[in-house]
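This briefing concerns the structure shown below. The points that follow are grouped by topic, from the sheet to the domains and the ligand.

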Amino acid sequence: MHIAVLAGDGIGQEIMVEAVRVLEALDLPGLRLDHADVGGVAYRKHGHPLPPETLDLAKTADAVLFGAVGDPELDGLRRELRVESAILGLRKELQLFANLRPANAFAGLENLSGLKPEIASAIDLLIVRELTGDVYFGEKGQRQTEDGLRQGYDVMAYDESEIARIAHVAFKAAQGRKGKLCSVDKANVLQTSVLWRAVVEEVAAEYPDVELSHMYVDNAAMQLVRNPGQFDVIVTGNLFGDILSDQASMCVGSIGLLASASLGEGTKGQYEPIHGSAPDIAGQGIANPMAMILSAAMMLRHSFADETNAQRIEKAVSTVLADGVLGHDLGGSASTSAIGDAVVAAVQK
Ligand code: ATP
Ligand code: MG
């Protein structure tokens with residue numbers, strides 16, 4: 001069980017300490033945690049946000065536990081040295097094409113979401129977002145039209161193999177949950193989506209136990225706030241997934257609670273909170289470490305098939321929240337380490 005621990009910048013350092021303590025409290029056999037620098041920290045020490053030794057560690061380890069990168073003092077760096085490029089670099093090198101973001105309601109936090117409590121409490125969904133295609137990676141540029149107007153363009157493109165592989169991830173995820181998959185696209189307007197829908201239908205033949213539906217993205221955005229309880233697994237492309245997953249996360253209450261996994265073909269994955277390095281609160285000991293701790297649970301589930309310990313962590317987090325140990329982001333006053341202490345105590349019960 002070899003884990004590359006890349007804490008990164010800002011609160012990444014603080015929340016990683018707590019996630020590591022929780023992992024160590026589980027007494028996992030053969031647990032080996034190797035730390036390396038990434039992001040602004042790495043740039044300052046080694047001149048690059050993703051130094052070769054960090055990349056080597058990430059490649060040889062079974063899984064990558066990732067904090068956050070982002071350093072406002074280094075914002076002026078040229079594109080390939082920008083600290084955020086470390087995330088894209090890792091995804092590319094590790095061939096991680098599927099981003100999983102669960103969003104589920106926690107007992108006791110119903111009033112913190114912008115939604116009505118009875119609607120918020122029904123949230124238990126997983127967004128599976130394609131990560132390596134779509135407008136982000138299609139041909140792009142700026143040019144002049146024949147009329148001499150400036151024009152920007154980004155090509156949206158997916159080939160069938162890219163759609164099929166993300167569909168398989170989503171169907172398998174649905175099999176392990178409530179058996180419902182909603183594929184989100186814009187097939188009434190976009191050819192990419194017409195193909196997306198067709199390929200998802202083809203893949204569905206291999207998963208007769210999963211109930212498949214399709215929804216246009218504009219409707220999905222509305223349904224996520226109107227009745228999020230209707231969703232189990234949502235699968236969608238890179239652009240729609242980017243937007244919908246941020247939207248879904250806020251239905252739960254705080255950005256400090258949401259974890260994510262980025263996966264490829266094998267069991268290797270990168271696990272990180274959905275939030276950033278939060279420079280505004282870094283160094284104060286008030287960051288909520290729950291998203292980081294829950295990312296460690298996702299790691300145990302997906303990279304090590306250790307559902308038992310994944311659930312042990314998730315139950316501990318739910319218990320601690322229900323007990324009212326709340327960070328500043330949730331209107332409480334518990335410090336980062338106090339929350340870590342509470343989760344460690346709860347997993348050991
Ligand atoms: P990035 O560009 O890296 O995503 P960002 O500018 O979008 O970063 P975040 O770093 O995600 O922003 O922070 C957004 C806001 O949420 C900030 O006010 C930050 O303090 C708060 N925040 C983020 N994560 C946490 C956390 N774990 N605990 C408490 N507050 C948090
Ligand atoms: Mg952000």
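Two strands are taken to pair if DSSP finds at least two bridges between them. In this predicted model, strand 8 (residues 180-185) and strand 9 run parallel and are joined by six bridges. The sheet to which both strands belong is an open one of ten strands.

**Confidence**
- The mean pLDDT of the protein is 95, and 100% of the residues score at least 70.
- For the complex, the predictor reports an ipTM of 0.95 and a pTM of 0.92.

**The sheet**
- The strand order is 2-1-3-12-11-4-5-10-8-9, and the pairing is mixed.
- Strand 2 (32-35) and strand 9 (211-216) form the edges; each has a single partner strand, so one side of each lacks a neighbour in the sheet.
- With direction ignored, neighbouring strands of this sheet are turned against each other by 20° on average.
- Within the pairing of strand 8 with strand 9, Ser183 has His214 of strand 9 as its bridge partner.
- Helix 1 (residues 11-25) packs on the sheet, where it touches strand 1 (2-8), strand 2, strand 3 (63-68) and strand 12 (269-273).
- The direction of helix 1 makes about 135° with that of strand 3.

**Domains**
- The domain assignment divides the protein into domain 1, made up of 1-101 + 277-349, and domain 2, which covers 110-252.
- Taken over C-alpha atoms, the centres of domain 1 and domain 2 are 26 Å apart.
- Contact between the domains involves eight residues of domain 1 and 14 residues of domain 2.
- On the side of domain 1 that touches domain 2, strand 4 (residues 98-104) provides the largest share, with four residues.
- By class, that side of domain 1 comprises five nonpolar, one polar and two charged residues.

**Surroundings of ligand 1**
- Ligand 1 has 15 residues around it, of which Gly256, His275, Gly276, Ala278 and Asn288 come nearest.
- The shell around ligand 1 consists of six nonpolar, seven polar and two charged residues.

Notes
Residues are numbered from 1 along each chain as its sequence is written. Chains are lettered from A and ligands numbered from 1 in the order in which they are written. This is a predicted model: local features need pLDDT of at least 70, side-chain atom pairs count only at pLDDT 80 or more; totals for chains, interfaces and linings use all residues. pLDDT is the predictor's confidence in each residue, from 0 to 100. A residue is near a molecule or strand if its C-beta atom, placed from the backbone, lies within 6 Å of it. Ala, Val, Leu, Ile, Met, Phe, Trp, Tyr, Cys and Pro count as nonpolar, Asp, Glu, Lys and Arg as charged, and the others, Gly among them, as polar. Domain bounds come from an automatic or database domain assignment. Two residues are in contact if their C-beta atoms, placed from the backbone, lie within 7 Å. Helices (H or I, at least four residues) and strands (E, at least two) are DSSP runs, numbered from the N terminus. Axes are lines fitted to C-alpha atoms, for helices over the stretch in contact, and angles run from 0 to 180 degrees between N-to-C directions.
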